[in-house]
Amino acid sequence: MVKHIYIAGEWRLGRGHVIESRFPADNTINAHISTASLEDVEEAITKADQAWRQPQWRNALPHERAKILYKVADIIESRVDELSQLQTRDNGKPLSETRALVLSAAATARFTAAACETLNEELTTQRAADFMTMSVHEPVGVVAAITPWNSPIASEVQKLAPALAAGNAVILKPAEATSLIALELAKIFEEAGLPKGLLSVLVGRGSVIGDAIAQHPLVRKISFTGGTSTGRHLAHIAAEKLITTSLELGGKSPTIVLPDADLEMAAKGIAYGIFSSAGQACIAGSRLFIHASIYEKFLARLVEITQGLRVGHPEAPHVHMGSLINEKHLASVHRYVELAKAEGGTVVIGGEAITEGECAKGSFYKPTIITGLDNRAQTCQEEIFGPVLVVMSYENEQDLIQQANDSCFGLAAGIWTENYRKAWQIARALEVGTVWINTYKKFSISAPFGGFKDSGIGREKGRLGILSYMQQKSIYLGLNEQPNPWAD
Ligand code: NAD
């Protein structure tokens, strides 16, 4: 049976072609899904524009919108096992990781509900006694939320929750590979009581359906997470339309080991930072800088830890790394490893696909460490989005900062040291949006997230994240009998 998509509150077959959803671990078919056509895009956006203007939604009190999000959080939590399984089948991540993403989605919905209820408008400072000014925030209208396949339910709720809390309508265009979990999310919002028309989930090709959504004149904000070249393309569309964007893009994040670090803790943290999600994370710590004085010793321990990682079927317990998203992506990761060799790099461990045993039918790649490259090498500059770590050394702090910042990206960084004063100074010198010190890939919904440089524009999350889905209006109330200078 071909799966329906969610068009303005109706479940029905999209009028586009039918796609297959496959389980990346063994290539079996999960489902056949209908996709949206350009007519479906037009219908969903037109109805979304009518829906957010409805007085029941426009004038809904914050606690009424919050109530829906609290309910979304409860439903997600109550279905955690089933939703993690569905996401694992969509993108091949181990169940332990998809479970964490599902719980993070529930926490985001709950936090956003609380933020929505407690958001204040401001009475602005008075310049004169004869009028009063108030600054209020209003919805932008129809929001396009376009998401990638690597952390679907979490990155989707991160957009849907604040956009809806702000009073908008949302057209969600998920990555084709992870459409199943996105459609399930629509069911959850529907069950939680979201009025019809405020959400559509339009499955389809990014370059056709995603592009058409972004171009549509009624779409007033593009909230995008994905690759930098797609983000740049969407920024051009937004510039032409004079609308705002929030762009969460790629990374090539540096991780730094100072000579005084707890080396055991650092080595385990670094292995987790690059190899969890099989490296398919925007924040993967994919460039490692080790102080020259501990380089050999530290590298040897890191290789040992990497050797012990369990790569296998993502539904099996205790697996560290599952499959890559598909064969095409595996080929792209391997091309980068070949390029690294051509650039003079040495593959210390890994460097090939796993084609045996339980991994034979999927797209599995060995955790890979490469040394001997200069930070300017293409392999050190471009995002590989796979389990590949390039390792370099540095002599002093100035050399370190210069190399770490020598990248078009600026998403995140990790620092391992026992010296917090030094860590603070390096954290301030790095051109990145998030710095982890003696930890990695930790997230708090209350801390804003986003990139510097080619890693993006804008910030998601945080108590004020809702405001990025709103526009500000100032209202003046005249308070005296002669409001203007021309009065007699
Ligand atoms: P992608 O850019 O290829 O696709 C992302 C989404 O954009 C998909 O839904 C896709 O269908 C859509 N899309 C593609 N072309 C489009 C177009 N022309 N117009 C409109 N929409 C279009 O990225 P991906 O391969 O799905 O994801 C991997 C990338 O995402 C990596 O670069 C990764 O670093 C980045 N990412 C960033 C963050 C972050 O928060 N910074 C988080 C996760 C992933």
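Author: Let's start with helix α1, whose buried residues are Asp40, Val41, Glu43, Ala44, Ile45, Ala48, Asp49, Ala51 and Trp52. Please keep in mind that this is a predicted model.

Reader: Happy to. What makes Glu43 count as buried?

Author: Buried means under 20% relative accessible area. Glu43 has 18% relative accessibility, so Glu43 counts as buried.

Reader: How do you know that the span of helix α1 agrees with its 16 residues?

Author: The expected span is 1.5 Å times one less than the number of residues. For the 16 residues of α1 (residues 38-53) that should come to 22 Å, and the end C-alpha atoms are 23 Å apart, which agrees.

Reader: Why is the pair Glu43 and Arg15 called a salt bridge?

Author: The rule asks for a side-chain nitrogen of Lys or Arg within 4 Å of a carboxyl oxygen of Asp or Glu. The side chains of Glu43 and Arg15 meet at 2.9 Å, N to O, so the pair fits the rule. Glu43 lies in helix α1 and Arg15 in the loop between β3 (10-12) and β4 (18-22), so the pair ties together parts that are 28 residues apart in sequence. Both residues also belong to a network of salt bridges that links Arg12, Arg15, Asp40, Glu43 and Lys47.

Reader: And why is Arg15 called partly exposed?

Author: Partly exposed is the range between the 20% limit for buried and the 50% limit for exposed. Arg15 has 47% relative accessibility, so Arg15 counts as partly exposed.

Reader: How many salt bridges are there by this rule?

Author: The count comes to 27. One of them joins Arg110 and Glu77, with the closest N and O atoms 3.0 Å apart. Arg110 lies in helix α5 (residues 95-118) and Glu77 in helix α3 (residues 62-78), so this pair ties together parts that are 33 residues apart in sequence. Arg110 is partly exposed at 27%, and Glu77 counts as partly exposed at 33%.

Reader: What makes Arg79 and Glu184 a link between distant parts of the chain?

Author: Arg79 forms a salt bridge with Glu184, the closest N and O atoms being 2.6 Å apart. Arg79 is in the loop between α3 and α4 (80-91) and Glu184 is in helix α7 (residues 179-191), 105 residues apart. Both Arg79 and Glu184 are buried.

Reader: Now the surface. Why is Leu479 called exposed?

Author: Exposed means over 50% relative accessible area; Leu479 has 52%, so Leu479 is exposed. Leu479 is found in the segment after β25. With Leu123, Met132, Met134, Ile475 and Leu477, Leu479 forms a nonpolar patch of about 520 Å² of accessible area together. β7 (131-139) and β25 (470-478) each supply at least two residues of that patch.

Reader: What makes Tyr469 count as buried?

Author: Tyr469 has 3% relative accessibility, so Tyr469 counts as buried. Its place is in the loop between β24 (456-457) and β25.

Reader: Finally, the ligand. Which residues are closest to the ligand?

Author: The closest of the 27 surrounding residues are Thr147, Lys173, Thr230, Leu249 and Glu383. An N or O atom in the side chain of Thr230 is 2.7 Å from an oxygen atom of the ligand. The ligand taken alone exposes 850 Å², and the protein buries 84% of that. α8 gives the most to the shell around the ligand, with four residues.

Methods:
Residues are numbered from 1 along each chain as its sequence is written. This is a predicted model: local features need pLDDT of at least 70, side-chain atom pairs count only at pLDDT 80 or more; totals for chains, interfaces and linings use all residues. Side-chain values use heavy atoms; hydrogens and water are left out. Buried means under 20% relative accessible area, exposed over 50%, partly exposed in between (1.4 Å probe, protein chains only). Patches are made of residues with over 30% relative accessible area and no salt bridge: like charges are joined within 9 Å, nonpolar side chains (Val, Leu, Ile, Met, Phe, Trp, Tyr) within 5 Å. Accessible areas come from the Shrake-Rupley method with a 1.4 Å probe; for residues, only the protein chains shown count as cover. A residue is near a molecule or strand if one of its heavy atoms lies within 4 Å of it. A polar contact is a pair of N or O atoms within 3.5 Å; within protein, one must be able to donate a hydrogen and the other to accept it, and residues adjacent in sequence count only if both atoms are side-chain atoms.
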